[in-house]
Amino acid sequence: MSLENPVFCALDTTDLGRAETLARSLTGSVGGVKIGMEFFNAHGPAGYRAVAATDLPIFLDLKLHDIPNTVAGGIRAVLPLRPAIVNVHTAGGGAMMRAAADAAKEAGESRPLVIGVTMLTSLDASDLRDTGVSDSPSDHVRRLAGLAASSGLDGVVCSAHEIEVLRRDLDKDFKLIVPGIRPAGSDVGDQKRIMTPVEALTLGADLLVIGRPITSANDPRAAAEEIGRSLAA
Ligand code: C5P
């Protein structure tokens, strides 16, 4: 897939009508939209197709994590929807990631990118210790991203503050997808470690996931266009 416009808008809603309206109004001003498990669990493939009717590329953010055979089946089951991006938890291990990547290849030319979730940003060092991981969060993310790359994934989701080190560690074709992005002057909300779109792209992000700065704006399309202009400047 081409990432000409690197902004994917997170449609974090279970309201089908709102998701459709947002997707329609954002067509042409973002590179794609992200649909998560709340929306997909509520509305399923029919809801997905309603959003996809806009022709915007879709990042189907289901964060799969199970035994390899089950994750491969989960990926295969969504291939008819033709998502641009799907994802799995890197903590599922190398065999699981390879199974996910192989399953996606069954879609041939239209295969989705398979992206790994490294460490959830809701976790900190003490949460890692509670699960038996003694590495620092940064070392843990580097290890998981390296495993994702050697297991055939196309990239990982990472925080803006990990872009630099992962860009150094990993091949330039390996995609870094970055949430926690806030245009200068916008509301931070509950995000803690934020960066502007320009800063994140300059450091080497490939794709930016931006939700509320677009979806909560009075005019979401204008907000997305403003972000686009900041990137073109
Ligand atoms: O509204 P906001 O721009 O904060 O939305 C960011 C999106 O990225 C949300 O869908 C959120 O769940 C997701 N995300 C995140 N941090 C991660 C992984 C995903 O904010 N580490």
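## Largest pocket

In this predicted model, β2, α2, β3, α6 (137-150), β8 (207-210) and α9 (212-215) each supply at least two residues of the lining of the largest pocket. The space in this pocket comes to about 1,200 Å³. Its lining counts 43 residues. Thr 121, Ser 122, Pro 179, Gly 180 and Gln 191 are the closest of them to the pocket centre.

By class, the pocket lining is mixed: 18 nonpolar, twelve polar and 13 charged residues.

## Barrel

Eight strands close into a barrel. The order is β1-β2-β3-β4-β5-β6-β7-β8, and the pairing is parallel. From one strand to the next, the twist averages 25 degrees.

Helix α2 (residues 37-52) packs on the sheet. The helix touches β2 (32-36) and β3. Its direction makes about 145 degrees with that of β2. Both of these strands, and α2 too, are among the elements that supply at least two residues of the largest pocket's lining.

## Strands β3 and β4

Strand β3 covers residues 58-64 and strand β4 covers residues 85-89. The two pair in the parallel sense over three bridges. Leu 64 stands opposite Val 88 in β4.

## Cavity

Searching the whole structure finds one cavity of 30 Å³ or more. The volume of the largest cavity is about 30 Å³. Rolling a probe the size of a water molecule over the atoms is what shows where empty space is left.

Which residues line the largest cavity? They are Leu 60, Leu 62, Leu 64, Ile 75, Val 78, Val 86 and Asn 87. β3, α3 (68-78) and β4 are the elements that give two or more residues to this lining. β3 gives the most, with three residues. Leu 64 therefore appears twice in this account: it lines the cavity, and it stands opposite Val 88 in β4.

By class, the cavity lining has six nonpolar residues, one polar and no charged ones.

## Salt bridges

The count comes to twelve salt bridges. In one of them, the side chains of Asp 61 and Lys 34 meet at 2.7 Å, N to O. Asp 61 lies in strand β3 and Lys 34 in strand β2, so the pair ties together parts that are 27 residues apart in sequence.

## Strand β3 across the sections

Strand β3 recurs throughout. It pairs with β4 and is touched by helix α2. It gives three residues to the lining of the largest cavity. It also supplies at least two residues of the largest pocket's lining. Asp 61 of β3 holds the salt bridge to Lys 34 of β2.

Note on methods. Residues are numbered from 1 along each chain as its sequence is written. This is a predicted model: local features need pLDDT of at least 70, side-chain atom pairs count only at pLDDT 80 or more; totals for chains, interfaces and linings use all residues. Side-chain values use heavy atoms; hydrogens and water are left out. Two strands pair if DSSP finds at least two bridges between them. Helices (H or I, at least four residues) and strands (E, at least two) are DSSP runs, numbered from the N terminus. Axes are lines fitted to C-alpha atoms, for helices over the stretch in contact, and angles run from 0 to 180 degrees between N-to-C directions. Contact means heavy atoms within 4.5 Å. On a 1 Å grid over the protein atoms alone, a cavity is a set of points where a 1.4 Å probe fits but cannot get out, and a pocket is an open set with protein on both sides within 12 Å along at least five of seven lines; lining residues have an atom within 4 Å of a point. Grid points are joined across faces, edges and corners, and a volume is the space filled by probe spheres set on the points. Ala, Val, Leu, Ile, Met, Phe, Trp, Tyr, Cys and Pro count as nonpolar, Asp, Glu, Lys and Arg as charged, and the others, Gly among them, as polar. A salt bridge is a side-chain nitrogen of Lys or Arg within 4 Å of a carboxyl oxygen of Asp or Glu.
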